[in-house]
Every structure is written in C-alpha cells, then in structure tokens.
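Trainee: I would like to go through this structure with you. Could we begin with the cysteines and then turn to the sheet?
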Amino acid sequence: MSFVKNQIIRELTELDTQLLRRKIRSVDTPCGTRIQIGGRELQAFCSNDYLGLANHPDLITALSEGAQQFGVGSGASHLISGHQTIHDALEEKLAQTQALSIPKAKALFFSTGYLANISAITALSNLKSNASKIYSARLNHASLIDGVRLAKEQNNATVLIFDHHNLGVLEDELKEDSSQFKLIITDGVFSMDGDLAPLDPLLQLAERYDALLMVDDAHGFGVLGRHGYGILEDSGLCSERLIYIGTLGKAAGLSGAFVCANELLIEWLIQKARPYIYSTASSPALAYALIRSLELIEGPVGQERRESLRSNIALWKQLAQFTHWHLLDSDTAIQPIMIGSNETVLQLAKDLDLAGYWVPAIRPPTVPVGMSRLRMTLSASHTHDEISALANILLHLELLN
Ligand SMILES: Cc1ncc(COP(=O)(O)O)c(C=O)c1O
C-alpha cells in the first residue's frame with residue numbers, strides 16, 4: 001500500500017506543478033444561468049443546458065408523475081427484467097426523431113452518452129470479417145476515443161485518425177482499404193471547438209467506399225434542425241449507413257443517450273453491446289420525463305428557445321471583438337476563447353470568478369497542449385444584458401493581459 005500511496009502523491013504533485021489538477025466545485029442551487037457556490041452567486045456560462053430545460057416545470061412534474069406511474073428503479077438490466085413499456089415508448093419516440101434521415105430507424109436508450117458511444121463502436125466492430133478498420137476524427141470526444149481503443153483491443157480493429165478539416169487523407173486511406181468492415185466516426189458538433197462536422201462529404205466517402213458513418217451529436221440534439229432533431233435533420237441527409245448518437249443530458253435537460261440506426265444494426269447492438277447487456281436499465285421515471293422533454297423540444301417551447309439561443313450566439317459573435325485573443329469559427333452555443341497556456345487560462349478563469357462569472361478553463365488532455373481555452377457555452381436562458389456584461393468584462397481583461 002505504501003508504494004501506491006506514495007506514487008499517487010508524487011503524481012498528484014506533478015499534476016499540480018503542470019497546473020493540470022482538476023477540482024470538483026459543488027453547486028448549491030439547481031442548474032441554471034444564475035447559480036450559487038458556497039453562498040456566492042455566479043453567472044454561469046458553462047453548462048450544456050442549451051435550451052434551459054434542466055429545470056423546466058413540466059419536466060419536474062413529469063419526473064414525479066413518471067415515478068408515481070412506473071416507479072423509480074428498473075431493478076435489472078434491459079435483457080433481464082428492467083426494460084419496461086415506458087422504455088419502449090421512449091425508444092419509439094427517439095427513433096421518430098431520425099426517421100427522415102435513417103431508413104427503418106430504431107433507437108436504443110442508454111444511461112449515458114459515454115456508454116452509448118462505447119457500446120456502438122465495440123458492438124459494430126465485433127463482426128466476423130477479414131478486417132475491421134475505424135476512421136476516427138482527431139478532435140472526437142473522449143468517449144469515442146475510448147470506444148475506439150476498446151475496439152482495437154477487443155476486436156483487433158485498426159485505426160486511422162483523420163483531420164475533419166482535410167478529408168483528403170481519409171479518402172486516400174479509404175481507397176486502399178480492403179477491410180470488409182469500415183466505420184467512420186465523428187462528433188457532430190465538436191465539443192471543444194464548437195464547429196460542425198462536414199457530414200455531407202463524409203457521407204459521400206462512406207457511400208463511395210462502403211463504410212458506415214457514426215455521428216455523435218451530443219451538442220446538436222435539441223438545438224439543430226427545425227424540430228431540434230439534430231444535425232441530420234439540419235443537414236437533410238438520409239442513408240442507412242448513418243449511425244446517430246444523441247445525448248439527453250444536454251439540451252434535453254435530463255440524462256441518458258440513444259443510438260439510432262437501421263433496425264438490423266440496433267438488433268446487433270442488443271446482442272453484443274456489453275454496457276447495454278451488463279448494466280441496470282435507467283429509471284423508468286426518467287424515460288417518462290424524457291418523452292415530455294422530446295415533446296417540448298419539437299414543439300413551440302423548443303422552437304422559441306432555439307430562436308433565443310440563435311440570437312444569443314449572434315449577439316456574442318458581434319460583441320466579442322478581441323484584439324489578441326482568437327475565437328474559433330463556431331456558430332453553435334460552444335464559443336471557445338483561445339488563450340494558449342494553462343497558467344493564463346487559469347488566471348483568467350479566476351479573474352472572471354472574482355467578477356462573478358463562471359467560464360471554465362479547459363486544459364489538456366481535454367484539448368491539445370498549448371491550446372488551453374476558456375470554453376464559454378451559451379444558453380437560451382441567458383439575457384442579452386448578461387451576454388453584453390460578460391463581453392465587456394472579457395474585453396477589459398484582454399486589455400490587462
Ligand atoms: C461529444 C460528446 N459525446 C458524448 C458525451 C458523453 O455524454 P454523457 O454526458 O451523456 O455521458 C459528451 C459529454 O460530455 C460529449 O460532449
């Protein structure tokens with residue numbers, strides 16, 4: 001035990017020295033744009049509650065109605081006795097959101113996006129084939145990266161990392177690839193940069209070279225598309241090669257995730273996705289509340305809130321005229337301000353905290369070394385005054401730096 005303890009202390013000290021040690025901050029109040037921490041009020045620009053649904057009164061009521069009607073716990077995994085008819089109802093509704101993009105779409109509900117991603121990648125690459133090749137975008141989310149690592153270890157998949165800004169290398173590799181199983185994986189909205197994946201050309205490559213295309217739309221579901229159905233609705237693409245991952249803990253305001261794909265692929269996931277098979281099914285009360293959340297997202301509430309979010313993003317882009325700090329080319333609610341060093345970004349996050357704002361400092365390994373940033377996220381619940389006030393403070397801080 002003494003080796004373990006001493007080594008942990010040594011490695012924690014290293015993290016401290018590199019300014020990479022992470023800390024949990026406990027929030028006293030419900031998720032919102034104004035929160036309290038340790039009795040202090042802060043204006044929050046850090047959550048993924050893009051539509052401000054995390055505390056919508058209808059969802060609070062729905063969660064308690066769901067608990068009354070279906071109970072709070074499922075009691076077992078989906079394939080034992082934990083799958084209730086309310087899970088079916090949710091999955092049917094989730095599948096409908098992608099019905100125009102994926103022929104014969106079915107959906108499978110997971111307790112988190114992390115598990116959905118690991119499940120889809122490992123199960124799909126677990127087919128008997130001459131070889132499995134995975135093409136994964138460089139800036140993909142950690143859960144996709146971990147899924148790919150597992151596929152490599154468990155299924156002997158080989159992996160190529162590609163740059164989503166330059167698909168030439170991807171095409172060159174695909175051209176030469178004789179693997180029977182090929183899977184291209186990309187974030188829909190890149191979670192740290194905020195830009196959109198080039199889905200149209202990616203799907204063309206998938207069609208041309210007989211690959212599947214998996215899109216993790218954690219930050220697009222609820223926000224993109226006329227009904228908030230996400231990046232596939234927004235792009236108007238349709239193909240049985242598409243595998244869609246939506247998460248329900250961000251714009252949908254609750255928690256959970258789903259994989260949506262052609263019915264045969266979903267059947268394969270039910271047989272082979274270990275995190276699905278060996279994990280207790282999510283609360284049926286949650287499934288019930290999520291159906292209400294989907295109704296809000298596709299109805300007038302969602303449409304109004306998407307409009308407010310769009311207007312907030314446009315205002316921010318107009319106000320954030322920095323001289324030295326660089327903004328990324330993002331039209332989404334994720335608006336990073338590139339700073340560079342860990343030290344500077346941490347100091348800025350501290351200065352903002354003192355001024356009453358919470359904008360998180362994002363450092364490696366979440367982003368590449370030297371690309372630390374303030375990752376500001378906007379919500380439909382922010383007011384124009386709040387955004388203007390934050391922009392003024394940031395412009396002032398830039399002058400001081
Ligand atoms: C792009 C992306 N995919 C997947 C996830 C994981 O989703 P969840 O939080 O539901 O596990 C996240 C969440 O942070 C994400 O940003």
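Trainee: Is cysteine 31 buried, partly exposed or exposed?
Mentor: Cysteine 31 is partly exposed, with a relative accessible area of 37%; buried means under 20%, exposed over 50%, and partly exposed in between (1.4 Å probe, protein chains only). This is a predicted model: local features need pLDDT of at least 70, side-chain atom pairs count only at pLDDT 80 or more, and totals for chains, interfaces and linings use all residues. Residues are numbered from 1 along each chain as its sequence is written, and side-chain values use heavy atoms, leaving out hydrogens and water.

Trainee: How many disulfides are there?
Mentor: The search of the whole structure finds 0, a disulfide being a pair of cysteine sulfur atoms within 2.5 Å.

Trainee: Why does cysteine 31 have no bond?
Mentor: Its closest cysteine sulfur, in cysteine 46, is 8.2 Å away, so it is too far for a bond.

Trainee: Now the sheet: in what order do the strands run?
Mentor: The open sheet has 7 strands in the order E3-E9-E8-E7-E6-E4-E5, with mixed pairing. Strands are DSSP runs (E, at least two residues) and helices likewise (H or I, at least four), numbered from the N terminus; two strands pair if DSSP finds at least two bridges between them.

Trainee: Which are the edge strands?
Mentor: E3 (105-110) and E5 (158-162), each pairing on one side only.

Trainee: What about E7 and E8?
Mentor: E7 (residues 212-216) and E8 (residues 242-247) pair in the parallel sense over 4 bridges. Methionine 214 stands opposite isoleucine 243 in E8.
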